[in-house]
Amino acid sequence: PVEIKEGSERFRELLGARTALLGDLLRDEAAADAILGNCAEHRARFVVAHRAAERALAEDDARLEEAWRWELAKWQLGQVALGAAKRAAAKPPVPRPGLG
């Protein structure tokens, strides 16, 4: 190892290079912190949007389920009415006095 005396030209050069390197490292660290902050912010926004989408899908599912139940109920009522009409049509007519 070469001994560098404090105050020498080489010492000042190395000290300047060291100071510049520390400045670069601090700027890089600040840039990294900003990037990480942006990533955290974007992730938080994504989580909020994802949860909102999940809620919307759940609401849509509930509306579809309700609509399906209504359609099923209408179909079942139609089947009951159709069955009653078929049974009524299958019975012979009841003679009514005074009609003929």
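# A chat about a one-helix chain

Glu 41 and Arg 45 sit four residues apart, about one turn of the helix, and both belong to helix H1. Keep in mind that this is a predicted model.

Me: How close do the closest N and O atoms of Glu 41 and Arg 45 come in their salt bridge?
Reply: Good place to start! In general, side chains of opposite charge can pair when their charged atoms come close. A salt bridge needs a side-chain nitrogen of Lys or Arg within 4 Å of a carboxyl oxygen of Asp or Glu. For Glu 41 and Arg 45, the distance between the closest N and O atoms is 2.4 Å.

Me: Is Glu 41 buried, partly exposed or exposed?
Reply: Buried means under 20% relative accessible area and exposed means over 50%, with partly exposed in between. Glu 41 has a relative accessible area of 36%, so Glu 41 is partly exposed.

Me: Which residue forms a salt bridge with Arg 10?
Reply: Look along helix H1 for a residue three positions from Arg 10, about one turn of the helix. Arg 10 itself is partly exposed, at 45% relative accessibility. The partner is partly exposed too, with a relative accessible area of 42%. With the closest N and O atoms 3.2 Å apart, the partner is Glu 13.

Me: And which residue forms a salt bridge with Glu 71?
Reply: Glu 71 is partly exposed, its relative accessible area being 47%. Its partner also lies in helix H1, three residues away, about one turn of the helix. The closest N and O atoms are 2.9 Å apart, and the partner is Lys 74.

Me: How many salt bridges does a search of the whole structure find?
Reply: We have already met some of them, including the one between Glu 71 and Lys 74. Another is the bridge between Arg 10 and Glu 13. Searching the whole structure gives a count of seven.

Me: How far apart are the centres of the positive and negative side chains?
Reply: The protein chain carries 16 positive side chains and 16 negative ones. Each set has its own centre, and the separation of the two centres is 17 Å.

Me: Why is the protein chain described as more spread out than a compact globule?
Reply: The chain has one helix and zero strands. For 100 residues the globule rule gives 13 Å, and the chain's radius of gyration is well over that, so the chain is more spread out than a compact globule. Its C-alpha trace spans about 135 × 25 × 10 Å along the principal axes. The radius of gyration that settles the matter is 42 Å.

Me: What share of the 100 residues is buried?
Reply: To count as buried, a residue must have under 20% relative accessible area. His 50, in helix H1, does not meet that cut-off, because its relative accessibility is 39% and it counts as partly exposed. Across the protein chain, the buried share is 2%.

Me: Which residues form a nonpolar patch on the surface?
Reply: One member lies in helix H1, which covers residues 9–90. That member, Leu 25, is partly exposed, with a relative accessible area of 47%. Together the patch has about 280 Å² of accessible area, and its residues are Leu 21, Leu 22 and Leu 25.

Conventions: Residues are numbered from 1 along each chain as its sequence is written. This is a predicted model: local features need pLDDT of at least 70, side-chain atom pairs count only at pLDDT 80 or more; totals for chains, interfaces and linings use all residues. Side-chain values use heavy atoms; hydrogens and water are left out. Patches are made of residues with over 30% relative accessible area and no salt bridge: like charges are joined within 9 Å, nonpolar side chains (Val, Leu, Ile, Met, Phe, Trp, Tyr) within 5 Å. Accessible areas come from the Shrake-Rupley method with a 1.4 Å probe; for residues, only the protein chains shown count as cover. Helices (H or I, at least four residues) and strands (E, at least two) are DSSP runs, numbered from the N terminus. Buried means under 20% relative accessible area, exposed over 50%, partly exposed in between (1.4 Å probe, protein chains only). The radius of gyration is taken over C-alpha atoms; the globule rule is 2.2 Å times the number of residues to the power 0.38. Lys and Arg count as positive and Asp and Glu as negative; His and the chain ends are not counted. The place of a charge is taken as NZ of Lys, CZ of Arg, CG of Asp or CD of Glu.
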